[in-house]
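The following exchange examines how the descriptive terms applied to a structure follow from computed values. Each answer sets a value against its criterion and then concludes.

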Amino acid sequence: GREVGLSAAAAKRRIDRLVDDGCIRGFTARIDHRRLGEGLEAFVELRFAASTQVADIDAAVAGIPEVVESFTLAGDPDALVRVRVASVEHLKDVIDRIRRGRSGRTRVAGTKTLIVLHRQDGPAGL
């Protein structure tokens with residue numbers, strides 16, 4: 001409220017209205033993953049055979065706990081996956097699991113891994 005010139009009560013009413021309207025979907029905690037032993041973050045580009053269905057692309061990373069986010073894309077690559085791991089060896093294991101797929105058959109035609117050196121949060125802390 002102070003930053004926008006409103007009383008605490010007025011700011012709370014506005015926030016409550018944004019929650020009720022569905023504009024604010026929730027509140028989160030910002031976690032220091034390094035302290036949890038998950039200090040390495042990477043993006044993995046995935047490429048699939050041209051005949052692969054989008055649902056199969058999504059399923060390729062489903063159930064892998066190290067996957068933080070997964071995006072199917074229009075263009076090259078077919079998907080972008082953000083993972084958080086403890087070490088380079090752990091990252092290698094996760095990439096191997098993604099390449100094998102859940103059924104044990106290789107579905108991923110190729111990967112490219114980009115290790116995050118530094119993360120700069122945006123103004124919203126995202």
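Q: Where is E66 placed, and what makes it count as buried or exposed?
A: In this predicted model, E66 lies in the loop between α2 (54–59) and β2. Its relative accessible area is 12%. Buried means under 20%, so E66 is classed as buried.

Q: What makes the link between the side chains of E66 and H90 a polar contact?
A: The contact between these two side chains is at 2.9 Å. The criterion asks for a pair of N or O atoms within 3.5 Å, one able to donate a hydrogen and the other to accept it. The value of 2.9 Å therefore falls within the limit. The side chains of E66 and R97 are also joined by a polar contact, of 2.9 Å.

Q: Which residues are in contact with E66, leaving aside its neighbours within four places in sequence?
A: They are R82, V83, R84, V85, H90, V94 and R97. Contact here means heavy atoms within 4.5 Å.

Q: How do you know that β2 and β3 are paired?
A: Five bridges are found between β2 and β3, in the antiparallel sense. Pairing requires at least two bridges, so the criterion is met. Within this pairing, V67 stands opposite V83 in β3.

Q: What lies between β2 and β3?
A: The two strands form a hairpin with six residues between them. In the turn, G75 has a positive phi of about 115°. P77 is found in the loop between β2 and β3, and a cis peptide bond, with omega about 10°, joins D76 and P77.

Q: Why is S70 called partly exposed?
A: S70, in strand β2 (residues 67–72), has a relative accessible area of 36%. Buried means under 20% and exposed means over 50%, with partly exposed in between. The value of 36% lies between these limits, so S70 is partly exposed. Beyond its neighbours within four places in sequence, S70 is in contact with V61, L80 and V81.

Q: Why does E45 count as buried?
A: E45, in strand β1, has a relative accessibility of 14%. Because buried means under 20%, E45 meets the criterion. Its strand is mostly covered: seven of the nine residues of β1 are buried.

Q: What does E45 touch, leaving aside its neighbours within four places in sequence?
A: Its contacts are P77, A79, L80, G110, T111, K112 and L114. In addition, the side chains of E45 and R47 are joined by a polar contact of 2.9 Å.

Q: How far apart are S70 and E45 in sequence and in space?
A: S70 and E45 are separated by 25 residues in sequence and by 9.9 Å in space, C-alpha to C-alpha.

Q: What is the order of the strands in the sheet, and which stand at the edges?
A: The open sheet has four strands in the order β2-β3-β1-β4, with antiparallel pairing. β2 and β4 each have a single partner strand, so one side of each is left without a neighbour in the sheet, and these two stand at the edges. From one strand to the next, the twist averages 20°.

Q: How do you know that β1 pairs with β3 and with β4?
A: Seven bridges join β1 to β3, and β1 and β4 pair over seven bridges. At least two bridges are needed for pairing, so both cases satisfy the criterion. Both pairings are antiparallel. On the β3 side, V44 stands opposite V81 and E41 has R84 as its bridge partner; in β4, the bridge partner of A42 is I115.

Q: What makes the span of α3 agree with the expected value?
A: Helix α3 (residues 88–100) has 13 residues and reaches 18 Å from its first C-alpha to its last. The expected span is 1.5 Å times one less than the number of residues. This gives the expected 18 Å, so the reach of α3 is close to expectation.

Q: Why are the buried residues of α3 said to line one face?
A: L91, V94, I95 and I98 are buried in α3. Seen down the helix axis, the buried residues fall within an arc of 100°, so they line one face of α3. Their cover includes β1 (40–48), β3 (79–85) and β4 (108–115).

Methods. Residues numbered from 1 in each chain as written. Predicted model: local features only at pLDDT ≥ 70, side-chain atom pairs only at ≥ 80, totals over all residues. Heavy atoms only, no water. Buried < 20%, exposed > 50% of the residue type's maximum accessible area, 1.4 Å probe, protein only. Arc of directions from axis to C-beta. Axes fitted to C-alpha atoms, helices over the stretch in contact; angles between N-to-C directions.
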